[in-house]
Protein chains: 2
Amino acid sequence: MNDQVVQYLEQNADRFVEELKDFLRIPTVSADPACKPHLQRGAEFVYRQFANLGFKAEIVPTAGHPIVYAEWMQSPGVPTVMVYGHYDVQPADPLDLWTTPPFEPTLRDGCLYARGATDDKGQVFTHIKSAEAWLRTIGKLPVNLKYVIEGEEEVGSRNLDDFLAARKEQLNCDVAVVSDTSQYAPNQPAITYGLRGILAVEITLTGPKKDLHSGVFGGSVANPASGIAKMIASLHDDQGRVQIPGFYDDVIPLSEMERQQFRDLGFDETAFKAELGVAEVAGEVGYSTTERRWARPTCEVNGLFSGYTGVGPKTIVPSKATVKITCRLVPGQDPHKLTEALHQYLKSQCPASLAFEFTSFHGCPAFVFDPNSPYIEAAASAIREAWGVDRVRLIREGGSIPVVQTFKDVLGLDTLLLGWGQNTDNLHSPNEHFSMQDFHRGIRASANLWQKLAEMGQTPVASVPDNLC
Amino acid sequence: MNDQVVQYLEQNADRFVEELKDFLRIPTVSADPACKPHLQRGAEFVYRQFANLGFKAEIVPTAGHPIVYAEWMQSPGVPTVMVYGHYDVQPADPLDLWTTPPFEPTLRDGCLYARGATDDKGQVFTHIKSAEAWLRTIGKLPVNLKYVIEGEEEVGSRNLDDFLAARKEQLNCDVAVVSDTSQYAPNQPAITYGLRGILAVEITLTGPKKDLHSGVFGGSVANPASGIAKMIASLHDDQGRVQIPGFYDDVIPLSEMERQQFRDLGFDETAFKAELGVAEVAGEVGYSTTERRWARPTCEVNGLFSGYTGVGPKTIVPSKATVKITCRLVPGQDPHKLTEALHQYLKSQCPASLAFEFTSFHGCPAFVFDPNSPYIEAAASAIREAWGVDRVRLIREGGSIPVVQTFKDVLGLDTLLLGWGQNTDNLHSPNEHFSMQDFHRGIRASANLWQKLAEMGQTPVASVPDNLC
């Protein structure tokens with residue numbers, strides 16, 4: 001990278017930390033109505049960062065907390081990148097478990113302790129300071145940048161979709177960057193290139209029109225709890241494979257390269273079992289725990305209820321039984337098609353003596369960023385240099401990150417998930433912290449990234465895909 | 001029966017109704033603390049009935065509402081009969097659904113409308129007035145009588161067991177009589193000679209030590225909701241037969257005579273399905289609906305819960321799943337042995353990756369009074385004469401009546417369940433009523449019964465059985 005930029009980062013490292021502390025002192029707890037003025041202050045803090053650098057910036061009011069939007073579009077012919085992050089934080093409770101107060105940032109053992117240190121103020125700040133370094137030294141950015149920094153991520157991003165839809169043209173970009181995840185492990189930086197999709201349904205079986213006395217009527221009418229149990233039991237065979245017809249038909253298999261990458265991560269199954277408190281791992285035969293979590297589709301019961309759920313016995317035949325099921329989907333699987341397949345399969349398992357009711361909540365396909373894409377390589381190269389490591393882990397996540405789906409759905413954008421934090425940084429817990437080494441490496445990686453992406457040249461702006469969900 | 005007794009019943013019929021109205025005007029709602037003084041008044045009303053007839057009577061205080069005990073033991077060498085009933089009533093709510101107020105007894109279309117009219121003041125009164133008729137005409141009773149009329153039946157008879165245990169010697173009898181059930185249908189009087197037993201258990205399966213994110217972990221650990229579903233599914237085969245090893249081994253099969261009696265009852269399956277709101281009946285193959293309800297053992301899920309049970313989806317792998325199960329037992333089956341068999345069977349169905357926890361709540365064997373017993377024949381003969389019918393239905397009930405089990409367990413007594421009411425008398429509902437024709441036929445049947453039992457001669461006092469539960 002440009003020597004001047006590198007030098008600037010080194011010379012200003014301490015000031016970056018002091019400024020981050022200022023940011024962290026603002027208690028931007030989006031869930032707490034009493035913090036509303038602090039959210040406004042938080043937005044203004046972010047706005048000033050951009051305004052001071054010459055960005056075209058604005059504080060966009062919403063029905064909730066404001067969104068800060070800023071853009072620098074002065075390099076024609078190079079890629080345009082959108083950075084997304086959030087300036088709001090989780091509540092700090094329980095306060096008595098914090099060693100130092102959550103909104104009095106404190107350095108200890110190389111880490112900065114404060115609510116929001118890593119989630120997401122510290123990580124957002126890396127992408128602001130990287131831009132500053134380019135602008136204060138070279139006077140311009142290698143790429144065009146658009147920042148969307150919202151104030152409601154911790155309360156479900158409830159006004160983000162409207163903002164994105166309203167600004168769809170303005171937000172045209174080549175790729176999105178989000179730093180709100182973690183490294184694979186300390187000194188093992190990672191790029192998350194795949195997320196599973198999801199479908200969610202609920203099934204209710206009804207037998208008698210009200211709960212019946214199990215003595216007077218038991219044995220003479222179908223019990224919906226037994227019926228739903230048979231239905232659930234029919235979802236998997238004894239090898240852990242999902243039995244819904246066609247469930248695996250469209251699955252794009254993991255490549256041998258990806259399986260090898262997963263193996264190379266050196267997953268510690270003993271530690272995993274201890275952390276979860278299970279005697280054994282379980283799941284689909286023929287796949288490792290990592291593959292089962294990240295890259296194989298599932299069908300899980302999330303909730304189940306029927307009849308009496310209080311203390312002690314109650315002698316009834318329940319009138320109803322309900323099960324909530326989600327399937328995690330992998331690339332190739334269509335949530336709409338599989339919702340219907342699940343519907344038909346379960347209906348076929350339902351005894352004629354029970355009424356069957358099916359509700360579909362939502363569905364969205366898996367997200368995967370081609371691990372061989374030049375964007376991934378650009379990001380990996382930027383990170384390798386910043387971390388001084390030979391390799392960057394390419395990992396997937398088993399869950400879905402809603403904002404990534406939104407970018408895909410509304411803006412047609414793929415997202416680079418670049419996590420500078422650690423899983424052990426106590427996100428959402430007392431004593432949240434961020435390693436200052438990771439903070440500075442993150443700024444450096446971000447500054448590198450703008451250059452690496454510029455070197456790729458501009459790609460056509462992606463169009464909005466058809467598979468909205 | 002003795003002409004003088006018959007004549008007395010006819011001449012005093014209207015007064016009996018007026019006295020019953022006085023009894024019904026006392027709002028003896030045992031569940032309502034504000035009614036406590038009325039319960040005391042109710043007990044005193046019952047006490048005076050007996051005292052006026054020369055019974056040795058007392059109002060026995062308990063930790064709750066008092067028990068009235070009365071005995072007439074002046075006929076050596078003849079059987080001693082214990083009559084059980086209760087003077088407390090269900091709450092009258094919702095009041096606005098009553099045509100006339102619940103504690104202002106009103107005659108309408110041959111029925112007396114009031115809370116407690118049939119459950120159980122009216123039915124209790126038949127056994128008091130029958131004794132009165134004998135004592136006011138002949139001057140003595142054909143049998144020895146002991147009455148236990150409690151005030152807490154509608155709140156679980158919570159002080160009855162202590163009373164029975166404390167008075168075990170005093171309560172020595174040949175047989176118990178309870179009129180707190182119904183006829184099979186109008187003008188089809190019945191004797192209930194069998195009740196099913198019960199065992200009740202709860203099983204909890206535990207997977208991970210807390211609910212897990214179904215995206216991050218789903219597919220890699222055993223889901224306890226799926227595990228419990230497989231367990232429940234394994235309880236029955238596709239013919240509705242319970243799969244617990246040994247479950248049917250000790251079942252005493254229904255005799256061909258009993259099956260024929262059941263068939264002769266002319267069960268209306270279409271009406272039954274409409275009443276319950278089910279498209280089809282279900283259950284063990286090879287048995288009729290009546291047999292399934294009254295005389296075949298069952299294994300029913302009463303409650304089932306796991307994970308998220310609120311509105312909409314929640315993406316978790318539950319930590320725990322719990323099922324509540326009761327088995328109804330028939331003569332021959334041992335609740336303790338089958339509880340253990342169920343325990344072992346379910347444990348064998350539990351995957352090694354889930355922790356298994358089993359709780360047994362209680363169990364008691366089925367009760368059956370030999371339908372060929374001379375007591376049954378004596379009661380049937382008394383009823384036939386009072387009702388002017390050729391036959392009395394011999395029926396069973398699928399449930400358990402706790403007090404019958406208590407008499408068996410504590411006093412070693414069999415119970416004649418002689419119901420004078422109708423299922424349609426609105427027990428526990430607004431507009432409870434009792435046909436005055438049934439009331440008078442009940443008194444007449446009761447008066448007959450004392451004579452018929454006397455004609456049997458005295459039988460040895462039953463001993464306490466070994467199979468306490």
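**Close-up views of a predicted two-chain model**

**View 1. Chain A comes in two domains.** Here chain A splits into domain 1 (3-194 + 367-456) and domain 2 (197-251 + 297-363), with bounds taken from an automatic or database domain assignment. Measuring between centres over C-alpha atoms, domain 1 of chain A and domain 2 of chain A are 41 Å apart. A quick word on what you're looking at: this is a predicted model, where local features need pLDDT of at least 70 and side-chain atom pairs count only at pLDDT 80 or more, while totals for chains, interfaces and linings use all residues. Residues are numbered from 1 along each chain as its sequence is written, and chains are lettered from A and ligands numbered from 1 in the order in which they are written.

**View 2. Chains A and B are related by a two-fold axis.** Turn chain B by 180° with 0.1 Å of shift along the axis and it lands on chain A with an RMSD of 0.1 Å; that's the relation of a two-fold axis. The fit is by least squares on the C-alpha atoms of residues with pLDDT of at least 70 in both copies.

**View 3. Each chain brings 64 residues to the contact between A and B.** Contact here takes C-beta atoms, placed from the backbone, that lie within 7 Å of each other. On the chain B side, β11 (298-307) and α6 (224-233) are among the elements that each supply at least two residues; helices (H or I, at least four residues) and strands (E, at least two) are DSSP runs numbered from the N terminus. The biggest giver on that side is β11(B), with 9 residues. The side of chain B that touches chain A has 26 nonpolar, 26 polar and 12 charged residues, counting Ala, Val, Leu, Ile, Met, Phe, Trp, Tyr, Cys and Pro as nonpolar, Asp, Glu, Lys and Arg as charged, and the others, Gly among them, as polar. Since 100% of the interface residues of chain B are also interface residues in chain A, the copies meet through the same surface.

**View 4. Strand β11 of chain A meets β11(B) across the interface.** These two run antiparallel and are joined by 5 bridges; strands count as paired if DSSP finds at least two bridges between them. Look for A:L304, which sits opposite B:S306.

**View 5. Strand β8 (residues 190-195) of chain A is mostly covered.** Of its 6 residues, 6 are buried, meaning 20 or more other C-beta atoms lie within 10 Å of a residue's own (exposed is 12 or fewer, partly exposed is in between, with C-beta atoms placed from the backbone). β8(A) runs parallel to β16 (residues 393-397) over 5 bridges, with A:T192 partnered by A:I395. It runs antiparallel to β17 (residues 415-419) over 3 bridges, where A:A190 pairs with A:G419.

**View 6. Strand β6 (residues 144-150) of chain A is tucked away.** All 7 of its 7 residues are buried, so the strand is largely enclosed by the rest of the structure. A:N144, A:K146, A:V148 and A:E150 point one way, while A:L145, A:Y147 and A:I149 point the other. In a regular strand, side chains alternate between the two faces of the sheet. β2(A) pairs with β6(A) in the antiparallel sense over 5 bridges, and β3(A) joins β6(A) in parallel over 7 bridges.

**View 7. A:Q74 sits in a loop between β2 and β3 of chain A.** With 12 C-beta neighbours inside 10 Å, A:Q74 counts as exposed.

Technical notes. Contact = placed C-beta atoms within 7 Å.
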